[in-house]
Amino acid sequence: MKKNEKLSALIYTRYKSESACAKAMGWPRQRLNRITMGEKIPDIAELNLLANVLQVPLSQLLDVMTHKDEKLANLIYMKFKSESACAEAMGWETEHLKNIISGKEIPDVAEINVMSRTLQVSVGYLADIFLS
């Protein structure tokens, strides 16, 4: 795996080391290192804690953690662990959600609103994903 240099830089803007950041989070150094090395995808609780410790908005941390084209898929995974569970929560067919994630379909305003409520993110954040 390749180290996430953007995440490391963000950590080092606030802390002298990953160990110091991990300690502030109440984690062993290895747990944070697995995230910075891309060996572990953090869940939403871990991301919220990391954002709080780094004193940055969750949206900024997500920008650092993912490429634009991965944001929606990662957000779905963090909240629901699968596309099918997320699609079910939105009342959609799984294939429709997969097409939106892959860029084969562009969601309309009503669908973006459903996604916003279901994924608990702002409409603006989703618009940024789709417009980037």
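In this predicted model, the buried residues of helix α6 are covered by a set of elements that includes α4 (44-54), α5 (58-65), α7 (83-90), α8 (94-102), α9 (109-119) and α10 (123-131). Helix α6 itself takes in residues 71-80, and its buried members are K71, L72, L75, I76 and M78. Looking down the axis of α6, these buried residues fall within an arc of 165°, so they line one face of the helix. Some helix geometry helps here: an α-helix has 3.6 residues a turn, so residues three or four places apart point the same way.

Stepping back to the whole chain, the picture is a simple one to describe. There are ten helices and zero strands, and reading along the sequence gives the pattern α-α-α-α-α-α-α-α-α-α. The C-alpha trace spans about 45 × 25 × 25 Å along its principal axes. Of the 132 residues in the chain, 39% are buried. Among contacts with a separation of 6 or more, 49% are between residues 24 or more positions apart. As for the outside, the chain exposes about 7500 Å², and 52% of that comes from carbon and sulfur atoms.

Two of the helices that cover the buried residues of α6, namely α9 and α10, can be looked at pair by pair. Take α9 to begin with. Its axis comes within 11 Å of the axis of α6, and the two cross at roughly 45°. That angle makes α6 oblique to α9. On the α6 side the contact is made by L72, L75, I76, K79 and F80, while α9 brings in M115, T118 and L119. Sorted by class, the residues of this contact come out as six nonpolar, one polar and one charged.

The pairing with α10 is set up as follows. The axes of α6 and α10 are 10 Å apart, and the helices pack at an angle of about 135°. These two helices are therefore oblique to each other as well. Here K71, L72 and L75 of α6 meet Y125, L126, D128, I129 and F130 of α10. The class count for this contact is six nonpolar, no polar and two charged residues. L72 and L75 thus appear on the α6 side of the contact with α9 and on the α6 side of the contact with α10, and both are on the list of buried residues of α6. K71 is on that buried list too, and it takes part in the contact with α10. I76, also buried, is one of the α6 residues that touch α9.

Next come the backbone angles just past two of these helices. Most residues other than glycine have a negative phi, and most peptide bonds are trans. K81, which follows α6, has a positive phi of about 70° although it is not a glycine. The residue lies in the loop between α6 and α7, and at 47% relative accessibility K81 counts as partly exposed. Q120 is another such case: its phi is positive, about 60°, and it is not a glycine either. Q120 lies in the loop between α9 and α10, and with 64% relative accessibility it counts as exposed. The cut-off at work is 50%: a residue is exposed over that value, and partly exposed between 20% and 50%.

Two residues from other parts of the chain round out the description. V64 lies in helix α5, one of the elements covering the buried residues of α6. With a relative accessibility of 16%, V64 counts as buried. Leaving aside neighbours within four places in sequence, V64 is in contact with N4, K6, L7 and L10. The C-alpha atoms of V64 and A127 are separated by 18 Å, the two residues being 63 residues apart along the chain.

R34, in turn, lies in helix α3, which runs over residues 29-36. R34 is partly exposed, with a relative accessible area of 39%. Not counting residues up to four places away in sequence, R34 touches E39 and K40. R34 and K3 are 31 residues apart along the chain, and their C-alpha atoms are separated by 9.3 Å.

How values were computed. Residues are numbered from 1 along each chain as its sequence is written. This is a predicted model: local features need pLDDT of at least 70, side-chain atom pairs count only at pLDDT 80 or more; totals for chains, interfaces and linings use all residues. Side-chain values use heavy atoms; hydrogens and water are left out. Buried means under 20% relative accessible area, exposed over 50%, partly exposed in between (1.4 Å probe, protein chains only). Helices (H or I, at least four residues) and strands (E, at least two) are DSSP runs, numbered from the N terminus. The arc is that of the directions from the helix axis to the C-beta atoms. Contact means heavy atoms within 4.5 Å. Axes are lines fitted to C-alpha atoms, for helices over the stretch in contact, and angles run from 0 to 180 degrees between N-to-C directions. Angles under 35 degrees count as roughly parallel, over 145 as roughly antiparallel, 65 to 115 as roughly perpendicular and the rest as oblique. Ala, Val, Leu, Ile, Met, Phe, Trp, Tyr, Cys and Pro count as nonpolar, Asp, Glu, Lys and Arg as charged, and the others, Gly among them, as polar. Accessible areas come from the Shrake-Rupley method with a 1.4 Å probe; for residues, only the protein chains shown count as cover.
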